[in-house]
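Reader: I would like a close look at one part of this model, the charged side-chain pairs, with the surrounding elements added where they help.

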Amino acid sequence: MSLVQVENLEKSYGSDTLFTDVTFQLGWGQKVGLVGHNGAGKTTLVRILAGEEVPDRGRVNYARGVRFGYLRQEEVVNPQKTVLEEAQSAFAPILEMERRMRQIEAEIGSLSPEAIRREDLDAVIWEYSQLQERFEIMGGYAALRDVPQVLYRLGFAPEDLSKPCGYLSGGEKTRLALARVLLSGPDVLYLDEPTNHLDIEAIEWLESYLKGFGGALLLVSHDRYFLDRIVTQIAELDSGRLTFYRGNYTNFQQQKQALQRRIEQIYEREQREIARLIEFYEKWKSTPTRRNQAMVRKRWAERLEARLVEPPKTTGKKLRAKLQPERLSGSEVLVFEGLTKQYGGKKLFENVSGVVQRGERIGIVGPNGAGKSTLVRILLGRETPDAGIVRFGLNVTVGYFAQDTSDLDLEATVLENMLEVGTISPFEARTHLARFLFVGDDVFRPVKFLSGGEKNKLVLAQITWLKPNLLVLDEPTNHLDIESREALVQMLKDYEGTLLLVSHDRYLLDQTTEKTLELAGGQARWYDMPYSLYRERRQPISTRISGSATPVAKVAGPDSALGRLVAESPRKSAISGAIEGPVNGYALNAERRKARKQVEEAERRVEALEKRLKELEERLYHPRPTDNVVALSQEYQGVQQALEEALRLWEEAASYAEKLGA
């Protein structure tokens, strides 16, 4: 059953078209990851689906009785309510559904069929069946019945439940909004970056919940591990088009790369074929005995040229981040002993010690509120511990990425912030900023008007210019799109200095760190292994589910349109043999009519195969949600071969007809 039908959506801002001809549907159990570079229009599309923005064209239709929940990137909660009250109010629709089901059961049970009009009874039974079906599909919302437990899973402490929402931080408001959306029991979930402000444990709980969610899910996320474990389809918004791929994010990457290679091969092969045909025409166009063959090849080349489509190019610009230390540090980079810190009587951590050696790559993990950012600030001398000492080694230079990008001057421009990092000319600054996608007049924008992702890129630009030998990054991937995260991963993999990384991005941790420092429950524990191995040995996670492989559809059979077209293009020539000996005028005219008919039939076969080839090319460039690009590619090869044979037969038929004077 389709819960949502989206038809021909289009949205523009001024002369810039975000997307056009967006058409798809969502049904029970369907889980779609919406991806694309920053600015591609993902959030705008979700806002249109949620009715918060109006499209220029097209419409969104919901099935009768369907309810949706929408998590925005920036959420608002009632400042007068407590955390628990706000969450419980969201659960009210589920309680009302249960109450209505019990009410219907009581009404039907207490009345005889004669006491109710048939049409009224039908309406009540339909309503009850809809409620019951929803409850069965959604598992009765059993995972949400303990509201406080849901809040704990999303990072709230027991003492937070009585806190007024007006006192919450931005991250806490986002987490409460996520709890509110889940507790409202929607049939369709629209989640825009739900893992922002969640620690790893909360992300893993959310993964488990969404994996079992029985409704439809459209998820905007830049967390590739999160996407891999949840979604069964990827919808990529790029160049104004929405293209669907089967499987999770890893499957999508593989399919997209294979598809791009296939499209480029098709384009290059057809260009070579056009050049070959034109060369034949130019060589033989003036030779009487070969003129007909030359003209057929010219027409063939013109047909190929008319349907030749250049492979689509992505509009997303890529970050070009590189970083190498300017000088070598001593073998001991950082030594700390007995670090202790508490706030208002609450102890964050106690007696934390360690030695960081040159070249080590350490991931710092733990739940929200454990003190990871505080520990980093203490290590860098930006905050004073209650007890303990910190000592830097010889020749250590530090590059620090603060989670809130608080080191930026919000009133200054991008260029002015870049010029503050050290000895750098305006020309050098603009050239360097361009590598981080600040081009043209972008450098003159005040930082206060930048998006979260743009601020992150500016800080990374500053750090890479300084070329430190100790890199300390606190949640550097927040607000970055997947392409920028990939560029950051590659930069850190190539970096030859020492790395301390605080992150909830598991892919980033796995790719760039070799040791793990866990900060939890006021204690610090060291693990001589990267994040995934540490997580498995510390506590196996049974909810981890790998992405499903893409099923391969069968190649078109003999009863399909392709099968019939191929069958009509036999390998052996079907052209009548030359007439031998003297013939009368009647026989010659009959043979001419037959030859003309063969030419027409051959041309019709060519046109039909060309039409199908063009359809397949369009589908390969922009697959539909139900398309299998592997099967489409195989069918394309079959049609291509059939077309080549049909063109050969057309040429033979035309040559024979010309000999007869037809």
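Which side chain does Arg276 meet in a salt bridge?

Author: This is a predicted model. The side chain of Arg276 meets that of Glu273 in a salt bridge, with 2.7 Å from N to O. Arg276 and Glu273 are both in helix H9, and because they are three residues apart there, about one helical turn separates them. An α-helix has 3.6 residues a turn, so residues three or four places apart point the same way. Side chains of opposite charge can pair when their charged atoms come close. Arg276 has a relative accessible area of 40% and is partly exposed. Glu273 is partly exposed as well, at 21%; the cut-off for buried is under 20%.

Helix H9 takes part in another salt bridge, between the side chains of Glu236 and Lys256, at 2.4 Å from N to O. Here the partners come from two elements: Lys256 belongs to helix H9 (residues 249-284) and Glu236 to strand S8 (residues 233-238), so the pair ties together parts that are 20 residues apart in sequence. Glu236 is buried, with a relative accessible area of 8%, whereas Lys256 is partly exposed at 27%.

These pairs belong to a total of 36 salt bridges in the structure. One of the others joins the side chains of Lys11 and Glu53, with an N to O distance of 4.0 Å. That pair links distant parts of the chain, 42 residues apart: Lys11 is in strand S1 (residues 2-13), and Glu53 is in the loop between helix H1 (42-49) and strand S4 (57-62). With 9% relative accessible area, Lys11 is buried. Glu53 also counts as buried, at 17% relative accessibility. Lys11 and Glu53 are members of a network of salt bridges that further links Arg47, Glu52, Asp56 and Arg72.

Helix H1, which comes before the loop that holds Glu53, is mostly covered, with six of its eight residues buried. The buried residues in H1 are Lys42, Thr44, Leu45, Val46, Ile48 and Leu49. Just after H1, the backbone at Gly51 has a positive phi of about 80 degrees.

Away from the charged pairs, Thr174 gives a view of a buried position in another helix, H6 (residues 170-183). Its relative accessibility is 7%. When neighbours within four places in sequence are left aside, Thr174 is in contact with Leu71, Gln73, Asn196 and His197.

A sheet completes the picture. Three strands form an open sheet in the order S11-S10-S13, with antiparallel pairing. Strand S11 (346-357) and strand S13 (387-392) are the edge strands, each pairing on one side only. From one strand to the next, the twist averages 15 degrees. Strands of a sheet pair through backbone hydrogen bonds, either parallel or antiparallel. Eight bridges make up the antiparallel pairing of S11 with strand S10 (residues 332-343), and Phe336 has Gly354 in S11 as its bridge partner. Helix H11 (residues 372-379) packs on this sheet and touches S10, S11 and S13. The direction of H11 makes about 125 degrees with that of S10.

Terms used: Residues numbered from 1 in each chain as written. Predicted model: local features only at pLDDT ≥ 70, side-chain atom pairs only at ≥ 80, totals over all residues. Heavy atoms only, no water. Helix = DSSP H or I, 4+ residues; strand = E, 2+ residues; numbered from the N terminus. Buried < 20%, exposed > 50% of the residue type's maximum accessible area, 1.4 Å probe, protein only. Contact = heavy atoms within 4.5 Å. Pairing = 2+ DSSP bridges. Axes fitted to C-alpha atoms, helices over the stretch in contact; angles between N-to-C directions.
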